[in-house]
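Reader: Could you walk me through this model? I would like to begin with the sheets and then move on to the charged pairs.

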Amino acid sequence: MRPLYPRTVYPRSLLATTIAFALSSAAIAQELAPDTENEHNYIEEITVTAQMREQSVMDVPVTMDVIGSEFLERTNIMELDELSRILPNVQIQEQAVSLPSFNIRGVTDDVSSVSATPRISVYQDGFDISKKTVASVALFDIARVEVLKGPQPTLFGVAAANGAVSIHSNLPTFEQEGKVQVGYNSEQGQELEFMYNQPINDNHSFRIAGLYREMDGIVENNACSADSYYGNANMYNHLGEEVPCNSEDLQGVSVQALRATW
């Protein structure tokens with residue numbers, strides 16, 4: 001004898017209605033799915049000027065990395081050497097204010113003189129700032145940073161034998177806007193960044209941006225300690241004047257920058 005199991009019997013009319021409703025819901029979902037995907041699944045076009053004209057980054061036949069303004073603000077990147085954390089095969093070291101070192105794909109600029117032009121060009125808003133004395137740039141109110149890898153002498157001069165770094169500032173817009181950002185941290189760091197954009201008329205607009213940043217060093221300076229050569233006594237500066245021994249920490253940051261654009 002086979003065991004008996006309870007079985008539910010549905011009327012044919014109810015079963016047919018359920019099947020019809022399921023098929024109609026599936027058809028509606030298929031019709032709405034493409035529109036929903038088009039609203040959310042897309043790739044934002046990135047416009048660059050690596051070839052001295054506005055182009056989509058997909059149309060530029062050059063290996064390059066592009067860092068946009070939103071990413072720079074979100075990560076609070078304000079110094080060139082901080083880009084090394086996010087750029088593959090790129091190393092930037094600011095060993096001194098006037099001696100930044102660039103390394104792209106393992107090849108350095110190989111120049112230590114402040115008067116020589118390195119083999120990696122640095123441009124800001126179309127101006128060549130490759131010389132060591134001016135190549136250190138504060139990244140504030142920046143639209144994007146383009147890093148081109150490989151020889152670029154055709155567009156960036158003969159100095160760009162190993163690559164080029166092109167920095168683009170935000171241009172004035174025809175909308176009145178402004179921004180003020182203040183920061184302070186436990187390392188005696190103080191930071192102030194501001195921007196103000198004012199349209200003049202239908203053809204002219206004005207934009208001004210500035211940055212003030214002071215950061216105490218992370219390396220303790222023992223030059224004026226009891227065991228140092230001068231001890232706590234006074235010392236002489238480059239003018240031969242006697243001044244108190246200053247023992248501020250090393251590797252600090254001091255930036256005062258202002259940029260105005262018409």
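**Sheets and salt bridges**

Author: One open sheet has three strands in the order S4-S5-S6, with antiparallel pairing; strands are DSSP runs of E with at least two residues, numbered from the N terminus, and two of them pair if DSSP finds at least two bridges between them. Strand S4 (90-94) and strand S6 (107-108) stand at the edges with a single partner strand each, so one side of each has no neighbour in the sheet.

Reader: Before we go on, what kind of model is this, and how are residues numbered?

Author: This is a predicted model, in which local features need pLDDT of at least 70 and side-chain atom pairs count only at pLDDT 80 or more, while totals for chains, interfaces and linings use all residues. Residues are numbered from 1 along each chain as its sequence is written, and side-chain values use heavy atoms, leaving out hydrogens and water.

Reader: Back to S4, then: over how many bridges does S4 pair with S5?

Author: S4 and strand S5 (residues 100-104) pair over five bridges in the antiparallel sense, and Ile 92 stands opposite Phe 102 in S5.

Reader: What is the strand order in the open sheet of four strands?

Author: That order is S11-S12-S13-S16, again with antiparallel pairing. Its edge strands are S11 and strand S16 (253-261), each of which pairs on one side only. Strand S13 (residues 205-215) and S16 pair over nine bridges, and Met 215 stands opposite Val 253 in S16.

Reader: Changing topic, how many salt bridges does the structure hold?

Author: There are eight, where a salt bridge is a side-chain nitrogen of Lys or Arg within 4 Å of a carboxyl oxygen of Asp or Glu. In one of them, the side chains of Lys 149 and Asp 65 meet at 2.8 Å, N to O. This pair links distant parts of the chain, with Lys 149 in strand S9 (residues 142-149) and Asp 65 in strand S3 (residues 64-68), 84 residues apart.

Reader: Are Lys 149 and Asp 65 buried or exposed?

Author: Both are buried, where buried means under 20% relative accessible area, exposed over 50% and partly exposed in between, using a 1.4 Å probe and protein chains only.

Reader: And which residues are linked in a network of salt bridges?

Author: That network links Glu 73, Lys 179 and Glu 193. Glu 193 is buried, because its relative accessible area is 7%, whereas Lys 179 counts as partly exposed at 27%.
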